[in-house]
Amino acid sequence: MLEKLMALEFTPFLISFKLASITTAILFIVSLFLAWNLSQSKSRFKPIFEAITALPIVLPPSVLGFYILYSLSFHSPLGRFFQDVFGIKLVFNFTGLVIASCFYSLPFMVQPLQGGFEALPKNMLEASYIAGKSKLKTLLCVALPNIKPSLMTAIVITFAHTVGEFGVVLMVGGSIPSQTKTASIAVYELVEIMDYTSAHIYSGIMVLISFLVLLLVYIFNRKQNHHLGGLS
Amino acid sequence: MIKIDVSKELLGSLGKMDLSINLDISSQSFVALSGQSGSGKTTLLRILAGLESAKGAIKVDDEVWLDETHSLAPQQRGIGFVFQDYALFPNMSVLDNLLFVRKDKELAKQLLDLTELLELSSRKPATLSGGQKQRVSLCRAMMNRPKLLLMDEPLSALDPLMRNKLQHEILTLHKKFGTTTMMVSHDPSEIYRLSSRVVVLSQGKVLQDGDAKSVLLRTQGSQKFSFEGELLDIVKVDVIFIAIVAIGQQIVEVVLDESEAKDLQVGDVVSIGTKAFAPMIQRLT
């Protein structure tokens, strides 16, 4: 067991966490504006955008993976454009993995943020507009600092969800060692070759990290609620 | 001078209602808006603030805030707004709430000093009492030296003692800065004390418009006293009847004869008035 542990390859974990960090950072920027606009929108078309945003939750990862794979590959205009103009291949490498993860984890960032923004008292935002502040300034200085628990939830769940993704990563990334083989795929492959000891160690590490991360979120949110005593 | 001529279709408690208001408000005046809930008071304030759309025109001195073609954004109107639920920014200290509006430390300190909040400058809103929060909100609204200060039932969530104190502070600030002010209020003593003019709305229209005394005094003809109240009960005692009426926070008894008692029903809104007599007035506290 100890030998196995010493000899274990930790690159899949590094890839998983690198992927999750980059995806979370990109999604935070994108979702901040998306969630804010959705929360403030009174448009008739809002449900359409909300449904599209939530699609990755209900779609089987293989379906999502297939569409992403197809649209990034050389067979689609987009994939061809990137390859011809920038010389970048978008599938079966880390870049493709990041793009796919951004689609896959989008609702996990957007929904908590949108919920947080919608729960803010409308008067508070109006007070900021009346004080002469733009929507952007209101978002950054008033709305965002007052949804800390939602913000924390959004970031952590997005990160954890990206670490845990399997189907999409396998389809778009193709499990290339040291490039696109993430921890979740590594476990799958270890089980397939019946190396149960290594699979146990990998899985154990994943469970432990996930538990600690979630525990921290709940402790943080509890403290926030105690300190703020709710809004207003 | 503020010229208001706006209309808007509203969905009120009694179905569709047309808000249609035409008012001229002179500079530095203090106007109280009164009327039953659902009569369009808050909507009128929100239209003035640019938070709600409306048809018509709003002109403030030479500035056009609203006409057929465009509506000035709330950001550009230069107003102050005090909400009933304070609407402070919980992530900022008292002082930062004020400075967020305008980076003018001197004015902020002056306002906090006037409202006795200077010691609480660095506190977060969540740690303040209701009265303190509303004072911060009032100071914040004064920070951009507004052309028009709008207050939507600013004191209705506070207890009577705190209300008195804040009425005094609102008056102090009004006298010091001379800001044209519109305040929604239901409290006659508050309206009388603060405002120079009362506008009563009903079903989206101006029902009464005048100085506080002429609008608020509910006497007719030679009546000296007149109170409105709700008839709670009629009790028969020997040959007479006694009506029990709630007036404000007090309950009074009035003697009725049989014909009067037959005419009235429990739950009626009644007016109790009296003529020529010499009332006694005594200090209680």
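Me: Hi! How many residues of strand β7 in chain B are buried?
Reply: Five of the five residues of β7(B), 148-152, are buried, so the strand is largely enclosed by the rest of the structure. Buried means that 20 or more other C-beta atoms, placed from the backbone, lie within 10 Å of the residue's own. Strands here are DSSP runs of E with at least two residues, helices are runs of H or I with at least four, and both are numbered from the N terminus.

Me: Is this model predicted or not, and how is it numbered?
Reply: This is a predicted model, where local features need pLDDT of at least 70, side-chain atom pairs count only at pLDDT 80 or more, and totals for chains, interfaces and linings use all residues. Residues are numbered from 1 along each chain as its sequence is written, while chains are lettered from A and ligands numbered from 1 in the order in which they are written.

Me: Back to β7(B): which residues sit on each side?
Reply: Leu148(B), Leu150(B) and Asp152(B) are on one side, with Leu149(B) and Met151(B) on the other.

Me: And which strand does β7(B) join over five bridges?
Reply: That is β8(B), residues 180-184, and the two run parallel. β6(B), residues 79-82, also pairs with β7(B) in the parallel sense, over four bridges. Pairing takes at least two DSSP bridges between the strands.

Me: New topic: how many residues does each chain bring to the contact?
Reply: Chain A gives 19 residues and chain B gives 18; residues are in contact if their C-beta atoms, placed from the backbone, lie within 7 Å.

Me: Where does the largest share of chain A's side come from?
Reply: From α7(A), with six residues.

Terms used. Two residues are in contact if their C-beta atoms, placed from the backbone, lie within 7 Å. A residue is buried if 20 or more other C-beta atoms lie within 10 Å of its own, exposed if 12 or fewer, and partly exposed in between; C-beta atoms are placed from the backbone.
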